[in-house]
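Here's a quick briefing to read with the structure open beside you. Have a look at the fold, then work through the points by topic.

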Amino acid sequence: MSFALYMLGFVVLIGGIAWGLVLAGVPGTYVAIACVVLVGLGIITGVARTRSKDSSS
């Protein structure tokens with residue numbers, strides 16, 4: 001559940017950034033590239049922050 005909540009927040013953030021880029025007149029191709037990069041970054045950070053710690057140590 002924590003990962004889903006983290007990703008929901010990241011999707012809202014990406015939507016706001018994309019909207020701002022469109023309003024600033026950035027071409028759609030660059031907006032799409034930025035969104036794909038941010039989605040990848042969101043997945044990486046979401047997994048790193050929400051995975052459970054290994055208790056065998």
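What follows is a short tour of the helix pair, the core, the ring pair and a few residues worth clicking on. Keep in mind that this is a predicted model. In brief, helix 1 and helix 2 are roughly antiparallel to each other, and both of them feed the largest nonpolar core.

**How the helices pack**

- Helix 1 covers 2-23 and helix 2 covers 28-50.
- Their axes come within 10 Å and cross at roughly 160°.
- Angles over 145 degrees count as roughly antiparallel, so that's the label helix 1 and helix 2 get.
- As for handedness, helix 1 and helix 2 make a right-handed crossing.

**The nonpolar core**

- Six residues make up the largest nonpolar core: F10, I14, A18, V31, C35 and L38.
- Neither helix is left out here, with helix 1 and helix 2 each giving at least two residues to this core.
- If you click on V31, you'll find it touching A18, L21, V22 and V26, once residues up to four places away in sequence are set aside.
- C35, another core member, sits in helix 2.
- With a relative accessibility of 19%, C35 counts as buried, because the cut-off for that is under 20%.
- Skipping its neighbours within four places in sequence, C35 makes contact with I14 and A18.
- C35 can also be placed against V11: the two are 24 residues apart along the chain, and their C-alpha atoms are separated by 9.4 Å.

**The ring pair**

- The count of aromatic pairs comes to one.
- That pair is Y6 and F10, whose ring centres are 6.2 Å apart with planes at 20°, so it goes down as stacked.
- Planes under 30 degrees apart are what earns that word.
- Y6 and F10 are four residues apart in helix 1, which puts about one helical turn between them.
- The two rings' residues fall into separate burial classes: Y6 is partly exposed at a relative accessible area of 25%, whereas F10 counts as buried at 14%.
- F10 also turns up in the list of core residues above.

**M7 and its partners**

- M7 belongs to helix 1 and is buried, its relative accessible area being 17%.
- Leaving out residues up to four places away in sequence, M7 touches G42 and I43.
- M7 and G46 are 39 residues apart in sequence, yet their C-alpha atoms are 6.8 Å apart in space.

**Two partly exposed residues**

- L13 is part of helix 1, and its relative accessible area of 45% makes it partly exposed.
- From L13 to L38 is 25 residues along the chain, with 9.3 Å separating the C-alpha atoms.
- L38, for its part, is one of the core residues.
- A48 is in helix 2 and counts as partly exposed, at 40% relative accessibility.
- A48 and F3 lie 45 residues apart in sequence and 9.8 Å apart in space, C-alpha to C-alpha.

**A question to take back to the model**

- Which residues does C35 contact, leaving aside its neighbours within four places in sequence? They are I14 and A18, and both appear in the list for the largest nonpolar core.

Methods:
Residues are numbered from 1 along each chain as its sequence is written. This is a predicted model: local features need pLDDT of at least 70, side-chain atom pairs count only at pLDDT 80 or more; totals for chains, interfaces and linings use all residues. Side-chain values use heavy atoms; hydrogens and water are left out. A nonpolar core is a set of buried Ala, Val, Leu, Ile, Met, Phe, Trp, Tyr and Cys residues joined through side-chain atoms within 4.5 Å. Buried means under 20% relative accessible area, exposed over 50%, partly exposed in between (1.4 Å probe, protein chains only). Contact means heavy atoms within 4.5 Å. Rings of Phe, Tyr and Trp (its six-membered ring) pair if their centres lie within 6.5 Å; planes under 30 degrees apart count as stacked, over 60 as edge-to-face and the rest as tilted. Axes are lines fitted to C-alpha atoms, for helices over the stretch in contact, and angles run from 0 to 180 degrees between N-to-C directions. Angles under 35 degrees count as roughly parallel, over 145 as roughly antiparallel, 65 to 115 as roughly perpendicular and the rest as oblique. A crossing is left-handed if the near helix is turned anticlockwise from the far one by less than a right angle, and right-handed if clockwise.
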